[in-house]
Amino acid sequence: MERDTIVKEVVEALKIFSRDIRTQIDEMGSQLRTEIQDTANQLRAEIQDTANQLRAEMQDMANQLRAEMQDTANQLRAEMQQFRAEVNERFDRLEQKFAGLRVELTETQETVHFLASKTIQHEKKLHHLAKQLESVR
């Protein structure tokens, strides 16, 4: 009987020990679940913060790029206006040169016409004089 009693006491002690272990395992599982949930919540919060920071940085970069593009566009406009002014100035100078050349050409044509008419007059006189010389001979 003593054996049965000892076995029963050992079995009873094992049951108690088993319940204690199950309780400890359940508590550890609950703690682990809580820690995992807390870690997941912290990670979610950090991810959200990082996403918000990235959005803000992207918005800042977009604004900065817009400003740089506007500056570049303004510079290009200014350069184009300066180029137009230079081209207009050069065309004005060319027009003045052509006007001067036209005047010179007109004067040259007038001189040529004058010289041509004088040449014709002199030729007529020479023919006339040549005829007079022939009649005198």
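1. A surface patch, as the word is used here, is made of residues with over 30% relative accessible area and no salt bridge, and nonpolar side chains are joined into one patch within 5 Å. In this predicted model, Phe91, Leu94, Phe98 and Leu101 make a nonpolar patch of about 400 Å². Leu101 belongs to helix H1, which covers residues 2-136. With a relative accessibility of 48%, Leu101 is partly exposed, because the partly exposed class runs between 20% and 50%. That value also lies over the 30% that patch membership requires.

2. On secondary structure there is little to list. The protein chain contains one helix and zero strands. The helix is H1, residues 2-136, and the chain has 137 residues.

3. The overall dimensions should be read together. The radius of gyration of the protein chain is 57 Å, whereas a compact globule of 137 residues would have one near 14 Å. Along the principal axes, the C-alpha atoms fill a box of roughly 190 × 25 × 5 Å.

4. Three C-alpha pairs give distances along the chain. Asp71 and Ala56 are separated by 15 residues in sequence and by 22 Å in space. For Phe83 and Arg55, the separation is 28 residues and 41 Å. Glu95 and Ser18 are 77 residues apart along the chain, with 111 Å between their C-alpha atoms.

5. How much of the protein chain counts as buried? The share is 0% of the 137 residues. Buried would require under 20% relative accessible area. The exposed area of the chain is about 13,300 Å², of which carbon and sulfur atoms supply 58%.

6. Individual residues of helix H1 fall on either side of the 50% cut-off for the exposed class. Phe83 is a helix H1 residue, and its relative accessibility of 51% makes Phe83 exposed. Glu95 is also in helix H1 and is exposed at 52%. Asp71 is in helix H1 as well, but at 45% Asp71 is partly exposed. The values for Phe83 and Glu95 lie just over the cut-off, so their class label should be read with the percentage beside it.

7. Which side chains form the salt bridges? A search of the whole structure finds two. One joins Arg93 to Glu89, with the closest N and O atoms 3.3 Å apart. Arg93 and Glu89 are four residues apart in helix H1, so about one helical turn separates them. Both partners are partly exposed: Arg93 has a relative accessible area of 42% and Glu89 has 45%.

8. The other salt bridge is between the side chains of Arg19 and Glu12, at 3.9 Å from N to O. This pair counts because the cut-off is 4 Å. Arg19, with a relative accessible area of 45%, is partly exposed, and so is Glu12, at 38%.

9. The charge totals complete the note. Side chains of opposite charge can pair when their charged atoms come close. The protein chain carries 20 positive and 25 negative side chains. The centres of these two sets are 15 Å apart.

Methods:
Residues numbered from 1 in each chain as written. Predicted model: local features only at pLDDT ≥ 70, side-chain atom pairs only at ≥ 80, totals over all residues. Heavy atoms only, no water. Patch = residues over 30% accessible without salt bridge, like charges linked within 9 Å, V, L, I, M, F, W, Y side chains within 5 Å. Areas by Shrake-Rupley, 256 points an atom, 1.4 Å probe, with all protein chains shown as cover. Helix = DSSP H or I, 4+ residues; strand = E, 2+ residues; numbered from the N terminus. Buried < 20%, exposed > 50% of the residue type's maximum accessible area, 1.4 Å probe, protein only. Rg over C-alpha atoms; globule rule 2.2 N^0.38 Å. Lys, Arg positive; Asp, Glu negative; His and termini not counted. Charge placed at Lys NZ, Arg CZ, Asp CG, Glu CD.
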